[in-house]
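Trainee: I've got the viewer open and some coffee ready. Can you walk me through this one?

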Amino acid sequence: MVRIVTDSSSNITPEEAEELGVTVIPLTVIFGSDELRDGVDITAEAFYDRLARDKNHPHTSQINTAQFEEIFRDAQAKGEKLILLPISAALSGTHAAAVKAKENVGYDGIYVYDTRTTTVMLKMLVLEARRLADREPEEIIAALDDLRSRTELYAMVDTLEYLWKGGRMARGTAMLGGLFRVKPIITIKSDGSLDVVAKAIGTRSAIKNLRKFVNPETIDPDVPVYYIYTVNKDNCERLINEVHPDRHDEYLSDATNICPVIGVHIGPGAVGICFARKKEA
């Protein structure tokens with residue numbers, strides 16, 4: 001059985017991790033001098049509550065090499081094969097730290113996979129890897145390559161303020177966006193980086209624009225569909241009504257509040273959908 005390891009940007013809670021039998025390493029959210037492990041010391045709900053009232057804008061810290069080395073040496077001592085599925089290398093130095101840790105440990109049973117994803121896109125890959133954990137690592141990785149190539153995520157960011165504060169956008173652009181109520185629609189590109197694919201004026205217009213990127217008829221029914229949001233489900237409910245009105249109650253009850261380490265950069269009011277396209281015949 002291959003051991004599956006990921007990080008907390010996957011939106012997998014400690015309870016889900018225990019049930020699935022996967023290891024989730026928390027990234028760190030920092031408010032002033034308070035360092036909080038994502039999903040362990042602070043939940044999504046507590047994070048967004050503090051984000052609204054704390055004068056210190058939070059930032060994040062990647063998982064360091066020593067943390068990975070400890071897990072890798074444990075796998076080596078037990079003779080386990082291990083696949084690590086971290087946040088996209090284009091979004092964090094976590095992947096590079098893991099690669100360095102593997103070099104330091106010198107164990108060939110470790111496989112560090114660049115997921116080129118994060119949040120529920122990453123969760124989707126983790127679930128697939130866990131489903132196939134009784135197979136050889138190379139077979140699992142081939143399946144991950146296929147699923148990753150078919151997976152898409154589109155999200156509306158309600159405000160540009162947090163992208164600016166997190167260093168992802170110029171201040172002037174963010175200020176203009178706030179002035180004209182611009183709502184960008186973002187995606188994760190095939191190389192694992194973020195991209196703005198559209199912009200709209202106002203929330204309702206943005207949600208209708210986001211809907212244009214989703215064709216329900218091409219969604220793979222054998223792979224979970226994830227609706228995501230930050231803070232409240234109002235915008236999420238609007239998006240579900242646009243895409244899956246016939247399954248409104250089901251998808252709304254399963255909608256995921258985005259984890260703190262991602263919420264630092266997108267702030268409240270965001271909404272999105274993640275799905276996999278059907279395999280081509």
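Trainee: Leaving out residues up to four places away in sequence, which residues does Thr-118 touch?

Mentor: Keep in mind that we're looking at a predicted model. Thr-118 sits in the loop between E7 and H5. With a relative accessible area of 5%, this threonine falls under the 20% cut-off and is buried. Its partners, sequence neighbours aside, are Ser-9, Ile-87, Leu-91, Ile-188 and Ile-262.

Trainee: Same loop, then: what is phi of Arg-116, roughly?

Mentor: Arg-116 is also found in the loop between E7 and helix H5 (119-131). Its relative accessible area is 33%, so Arg-116 counts as partly exposed. Most residues other than glycine have a negative phi. Arg-116 isn't a glycine, yet its phi is positive, near 55 degrees.

Trainee: And where does Val-231 lie?

Mentor: Val-231 is another non-glycine with a positive phi, about 75 degrees. At 42% relative accessibility, this valine is partly exposed. Look for Val-231 in the loop between strand E11 (226-229) and helix H10 (234-243).

Trainee: Let's do the sheets. What is the strand order in the open sheet of 4 strands?

Mentor: The pairing there is parallel. E2 (23-25) and E7 each have a single partner strand, so they stand at the edges, with one side of each left without a neighbour in the sheet. On average, neighbouring strands are turned by 20 degrees against each other, ignoring direction. Reading across, the order is E2-E1-E6-E7.

Trainee: Which residue stands opposite Arg-3?

Mentor: E1 and E6 run parallel and are joined by 4 bridges. In E6, the residue facing Arg-3 is Leu-82.
H3 packs on this sheet too, touching E1, E2, E6 and E7, and its direction makes about 155 degrees with that of E6. So much for the surroundings; the residue you asked for is Leu-82.

Trainee: At what angle to E7 does H4 run?

Mentor: H4 lies across E1, E6 and E7. Strand E1 (3-7), strand E6 (82-85) and strand E7 (110-112) are among what covers the buried residues of H4, along with helix H3 (65-78). The angle between H4 and E7 is about 155 degrees.

Trainee: Which residues of H4 are buried, and over what arc?

Mentor: The buried ones are Thr-94, His-95, Ala-97, Ala-98, Ala-101 and Val-105. They are on the same side of H4, because the arc they cover around the axis is only 160 degrees.

Trainee: How far apart are the end C-alpha atoms of H4?

Mentor: H4 has 12 residues, 94-105, and at 1.5 Å a residue they should span 16 Å. After the helix comes Gly-106, with a positive phi near 70 degrees. The expected span agrees with the distance in the model, which is 17 Å.

Trainee: What about the sheet of 3 strands: which strands are at its edges?

Mentor: This open sheet has the order E4-E3-E5, with antiparallel pairing. An edge strand pairs on one side only, and that leaves us with strand E4 (34-37) and strand E5 (59-61).

Trainee: Which helix packs on that sheet?

Mentor: Start from E3 (residues 28-31), which pairs with E4 in the antiparallel sense over 4 bridges. Within that pair, Ile-30 stands opposite Glu-35. The helix touches both E3 and E4, and its direction makes about 25 degrees with that of E3. It's H2, residues 44-53.

Trainee: Is Ala-276 buried or exposed?

Mentor: Ala-276 lies in strand E13 (residues 271-276). Beyond its neighbours within four places in sequence, its contacts include Met-124, Leu-147, Thr-218 and Val-223. Its relative accessible area is 0%, so Ala-276 is buried.

Trainee: Zooming out, what is the radius of gyration of the protein?

Mentor: The protein has 12 helices and 13 strands. For 281 residues the globule rule gives 19 Å, and the model comes close to that, so it is as compact as a globular protein of that length. The radius of gyration is 19 Å.

Trainee: Last one: what share of the residues is buried?

Mentor: The C-alpha trace spans about 55 × 50 × 30 Å along its principal axes. Of contacts between residues at least 6 apart in sequence, 74% join residues at least 24 apart. As for burial among the 281 residues, the share is 52%.

Definitions and conventions:
Residues numbered from 1 in each chain as written. Predicted model: local features only at pLDDT ≥ 70, side-chain atom pairs only at ≥ 80, totals over all residues. Heavy atoms only, no water. Helix = DSSP H or I, 4+ residues; strand = E, 2+ residues; numbered from the N terminus. Expected span 1.5 Å × (residues − 1). Buried < 20%, exposed > 50% of the residue type's maximum accessible area, 1.4 Å probe, protein only. Arc of directions from axis to C-beta. Contact = heavy atoms within 4.5 Å. Pairing = 2+ DSSP bridges. Axes fitted to C-alpha atoms, helices over the stretch in contact; angles between N-to-C directions. Rg over C-alpha atoms; globule rule 2.2 N^0.38 Å.
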